[in-house]
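Work through the exercises below with the model open. Each one is followed by a step-by-step solution.

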Amino acid sequence: MKIQNVADASFRKYGKVLEGYDFSSLIAEMKKTPVTDGVEYVPSVEALEKLDVMKVFSEKGYGGMPVQIGYCNGHNKKLNGLEYHRDSEINVAVDDLVLLIGSEQDIEADLTYDTSKVEAFLVPAGTGVEVYATTLHYAPCHVKEEGFRCVVVLPRGTNTELTFQPGTSGEDQLLFATNKWLLVHEEAKGPGMFVGLKGENITLD
């Protein structure tokens with residue numbers, strides 16, 4: 001699979017590279033977080049949210065909305081799933097990493113998505129990107145054997161446990177957590193997950 005760069009024009013339909021942010025304290029704090037053998041996602045981390053950049057993300061990134069800062073760290077080379085939210089997600093790469101992404105508009109009427117439409121983009125270490133609400137995404141892939149660390153900023157409460165029982169038809173079938181609609185590949189299915197990815201479960205070399 002061709003790996004493009006988030007600085008390329010081809011990324012513009014999926015998101016944009018963030019300008020005017022100082023990520024230095026955030027990256028320094030993130031380097032204290034563990035890198036697991038698999039993938040670990042933590043929606044909200046107090047040590048990260050105490051930093052001055054928390055206010056900047058809320059005001060500059062989300063227009064004053066309450067936000068959470070967490071992380072997704074680990075080792076990964078497979079697509080496995082794709083999710084979307086009702087808002088943008090901000091990612092800051094602490095290490096070089098690759099995002100496998102697609103467009104929500106390509107989800108078909110039967111709620112399936114053909115993985116041949118997925119594109120790969122390198123996010124160089126130190127780069128922050130906004131991933132648009134209509135961009136399908138999931139856990140990053142590592143570039144170096146040491147793994148990856150990725151900051152994840154979202155409106156507060158996103159990706160936490162649902163407090164209600166979603167419906168059983170239409171898009172409701174994809175609702176897996178608060179503000180998280182998820183399609184997974186057959187190879188990665190688990191309890192409550194909707195198997196909606198058809199085709200190859202993409203693996204990066």
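**Exercise 1.** State how much area the protein exposes and what share of it carbon and sulfur atoms supply.

Solution. The exposed area is about 9600 Å², computed by the Shrake-Rupley method with a 1.4 Å probe, where for residues only the protein chains shown count as cover. Carbon and sulfur atoms supply 50% of that area. The model is predicted: local features need pLDDT of at least 70, side-chain atom pairs count only at pLDDT 80 or more, and totals for chains, interfaces and linings use all residues. Residues are numbered from 1 along each chain as its sequence is written, and side-chain values use heavy atoms, with hydrogens and water left out.

**Exercise 2.** Decide how compact the protein is for its 205 residues.

Solution. Begin with the inventory: there are 3 helices and 16 strands (DSSP runs numbered from the N terminus; helices are H or I with at least four residues, strands E with at least two). The radius of gyration, taken over C-alpha atoms, is 16 Å, close to the 17 Å of the globule rule, so the protein is as compact as a globular protein of that length. That rule is 2.2 Å times the number of residues to the power 0.38. Next, the C-alpha trace spans about 45 × 40 × 35 Å along its principal axes. Finally, 50% of the 205 residues count as buried (under 20% relative accessible area, with exposed over 50% and partly exposed in between; 1.4 Å probe, protein chains only).

**Exercise 3.** Find the buried residues of helix H3 (residues 53-61) and say where they lie around its axis.

Solution. Val53, Met54, Phe57 and Ser58 are buried. They cover an arc of only 145°, which puts them on the same side of H3; the arc is that of the directions from the helix axis to the C-beta atoms. Their cover includes helix H1 (24-30), helix H2 (46-49), strand S4 (67-74), strand S6 (89-93) and strand S13 (148-155). Just after H3, Gly63 has a positive phi of about 65°.

**Exercise 4.** Classify the ring pair Tyr84 and Trp181.

Solution. The whole structure holds 6 aromatic pairs (Phe, Tyr and Trp rings, the six-membered one for Trp, with centres within 6.5 Å; planes under 30 degrees apart are stacked, over 60 edge-to-face, the rest tilted). For Tyr84 and Trp181 the centres are 5.7 Å apart and the planes at 10°, so the pair is stacked. Tyr84 belongs to strand S5 (residues 81-84) and Trp181 to strand S15 (residues 180-185), 97 residues apart. Both Tyr84 and Trp181 are buried.

Conventions
Contact = heavy atoms within 4.5 Å.
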